[in-house]
Structure formats: C-alpha cells, structure tokens
Amino acid sequence: RWAGPDERADAVTLHVREALFASGAAVVASTTVDGRHWLKFTVLNPRTSIEDIAEVLDLIADHARDHLARPAVLAS
C-alpha cells in the first residue's frame, strides 16, 4: 500500500497494480482490508531471490511516483 495521504492511497495502490499488470513486468494481486486497498505478493517460484522482490518493489515505487506526478482529475 502506498503510504501517502489517505485520500490518495487507494487510488495510487490500485493504479500501481493495474500498471504492473499492463506492463507485464509483474503480477501483484490486491486485497481489501477494512475498506482499504493493499497489494500482496504470492511467490511460487522457489528460485525467486531477494533481488527479484526488490526489483518489483522498485517498480511499485516508480509507478506510484508516475501516478502522483499527473495532475489530479476533479470529479464533476
């Protein structure tokens, strides 16, 4: 879960999951706990390394940064 202000955290978290999936770089699932969206990893490959997980975490941070750099769209 992106750890920024609560009003944007769900939107950023969902964007990250969708962007990762669309890019094909990683498949990270999501879940909802107490009405808030969270990301979750399921590691199936026994050869997955800490470096592999760090790479996905870097991708998550990159997608969150990209999303936050966009102007907010106001609802009408």
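This section describes the fold, surface and selected residues of a predicted model.

The protein contains 2 helices and 2 strands. Along the sequence, these elements follow the pattern α-β-β-α. The C-alpha atoms fill a box of roughly 50 × 25 × 20 Å along the principal axes. Of the contacts between residues at least 6 apart in sequence, 50% join residues at least 24 apart.

Buried residues account for 20% of the 76 residues. Thr13 is one example. This residue lies in helix α1, which covers residues 6-23. Its relative accessible area is 2%. Thr13 therefore counts as buried, as this value falls under the 20% cut-off. Beyond its neighbours within four places in sequence, Thr13 contacts Arg1, Trp2, His37, Trp38 and Leu39.

Asp34 presents another setting. It sits in the loop between β1 (29-33) and β2 (36-40). Its relative accessibility is 80%. Asp34 is therefore classed as exposed, the cut-off being over 50%. Its phi is positive, at about 50 degrees, although Asp34 is not a glycine.

The accessible surface of the protein comes to about 5700 Å². Carbon and sulfur atoms contribute 56% of this area. A nonpolar surface patch is formed by Phe41, Val43 and Leu57. Together, these three residues have about 250 Å² of accessible area. Leu57 belongs to helix α2, residues 50-69. With a relative accessible area of 45%, Leu57 is partly exposed.

The protein carries 8 positive and 11 negative charges. The mean positions of the two sets are 4 Å apart.

Terms used: Residues are numbered from 1 along each chain as its sequence is written. This is a predicted model: local features need pLDDT of at least 70, side-chain atom pairs count only at pLDDT 80 or more; totals for chains, interfaces and linings use all residues. Side-chain values use heavy atoms; hydrogens and water are left out. Helices (H or I, at least four residues) and strands (E, at least two) are DSSP runs, numbered from the N terminus. Buried means under 20% relative accessible area, exposed over 50%, partly exposed in between (1.4 Å probe, protein chains only). Contact means heavy atoms within 4.5 Å. Patches are made of residues with over 30% relative accessible area and no salt bridge: like charges are joined within 9 Å, nonpolar side chains (Val, Leu, Ile, Met, Phe, Trp, Tyr) within 5 Å. Accessible areas come from the Shrake-Rupley method with a 1.4 Å probe; for residues, only the protein chains shown count as cover. A salt bridge is a side-chain nitrogen of Lys or Arg within 4 Å of a carboxyl oxygen of Asp or Glu. Lys and Arg count as positive and Asp and Glu as negative; His and the chain ends are not counted. The place of a charge is taken as NZ of Lys, CZ of Arg, CG of Asp or CD of Glu.
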